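User: I would like to learn how to read a predicted structure, going from single side chains to whole helices. Could you take me through it one feature at a time?

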Amino acid sequence: MCEVRRAARLAIALVCATTTHAFSGPPVTLTRSRSAVRMAMERTYIMIKPDGVQRGLVGEIIKRFEQRGYKLGALKLYQANEDLLRKHYGDLQEKPFFPGLLKYMTSGPVTCMVWEGENVVRMGRQMLGETNPQASAPGTIRGDFSIVVGRNICHGSDSVASAEKEIKLWFDDNEVLAWKDHSHAWVYE
Ligand SMILES: Nc1ncnc2c1ncn2[C@@H]1O[C@H](COP(=O)(O)OP(=O)(O)OP(=O)(O)O)[C@@H](O)[C@H]1O
Ligand SMILES: [Mg+2]
């Protein structure tokens, strides 16, 4: 019994030592304010490019966003034209690969989506992987399903501002729906 008490005292001492010496700055309160930690609810524009559609990856990509807990706001299969793509990729017009990019992106239908949720712009880009599939980690969409930059399967907005611009560009207002997601309370605290 005495041994047990000594072991318990030692364990408590160890816990105290760890908690008092782990932080060297001013005392911090460990009770995190949820509102301070929580990120803003955002929307992002995710698009499955013609290669992703042709290769039958639409379901797989939708599945990944659904399973993560994000909420679908809009979805359509769409044949884009050059005008629309010049607006969408306006910042790349001077790049040598731009004519090839236009040809690729108009070569067949794309799947246009709006996904909503906490920090979804950055998380969406993380789920897609790097622009160059060979720099993309396994487990990301580009890292799992593609090899070269000119056939990299999917697009994701790179900021909240560009997401809002892209959603307006690809969808009419009445195509983006606000609906109550029954699993919200099971995804967020
Ligand atoms: N060097 C390149 N050669 C061929 N295509 C390229 C090259 N660089 C970019 N692209 C194409 O142009 C797209 C847009 O490039 P960007 O720099 O915006 O990368 P990204 O933001 O990762 O991609 P996206 O905007 O499609 O999500 C790339 O996803 C790719 O399809
Ligand atoms: Mg981009």
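Analyst: Let us start with one side chain, that of K76, which reaches the backbone oxygen of W170 at 2.7 Å. This is a predicted model, in which local features need pLDDT of at least 70 and side-chain atom pairs count only at pLDDT 80 or more, whereas totals for chains, interfaces and linings use all residues. Residues are numbered from 1 along each chain as its sequence is written, chains are lettered from A and ligands numbered from 1 in the order in which they are written, and side-chain values use heavy atoms, with hydrogens and water left out.

User: With which residue does the side chain of K76 share a polar contact of 3.1 Å?

Analyst: A polar contact is a pair of N or O atoms within 3.5 Å, where within protein one must be able to donate a hydrogen and the other to accept it, and residues adjacent in sequence count only if both atoms are side-chain atoms. Here the partner is the side chain of E175, at 3.1 Å. K76 itself belongs to strand β2, which spans residues 71-78; strands (E, at least two residues) and helices (H or I, at least four) are DSSP runs, numbered from the N terminus.

User: Is K76 buried or exposed, and which residues is K76 in contact with, leaving aside its neighbours within four places in sequence?

Analyst: Buried means under 20% relative accessible area, exposed over 50%, and partly exposed in between, using a 1.4 Å probe and protein chains only. At 15%, K76 counts as buried. Contact means heavy atoms within 4.5 Å, and, with those neighbours set aside, K76 is in contact with V110, T111 and C112 as well as W170, F171 and E175.

User: How do I read a helix in the same manner, and which residues of α4 are buried?

Analyst: An α-helix has 3.6 residues a turn, so residues three or four places apart point the same way. In α4 (residues 58-68), the buried positions are I61, I62, R64 and F65. They line one face of the helix, because, seen down the axis of α4, they fall within an arc of 155 degrees; the arc is that of the directions from the helix axis to the C-beta atoms. These buried residues pack against β1 (41-48), β2, β3 (110-118), α7 (120-128) and α8 (141-145), and α4 is followed by G69, which has a positive phi near 120 degrees.

User: What does α7 look like when it is read that way, and which residues of α7 are buried?

Analyst: The buried residues of α7 are V120, V121, M123, G124, M127 and L128. Their arc around the axis is only 170 degrees, which puts them on the same side of α7. They pack against β1, α4, β3, α8, β4 and α9, and just after α7 comes G129, with a positive phi of about 100 degrees.

User: Where is G108 found, and which residues does G108 touch beyond those up to four places away in sequence?

Analyst: G108 is in the loop between α6 and β3, and is buried, with a relative accessible area of 4%. Outside that sequence window G108 touches P50 and Q79; although G108 and P50 are 58 residues apart along the chain, their C-alpha atoms are separated by 5.1 Å.

User: How many helices and strands does the protein chain have, and what share of its residues is buried?

Analyst: There are ten helices and four strands, in the order α-α-β-α-α-β-α-α-β-α-α-β-α-α along the sequence. Of the 189 residues, 38% count as buried. Among contacts between residues at least 6 apart in sequence, 77% join residues at least 24 apart.
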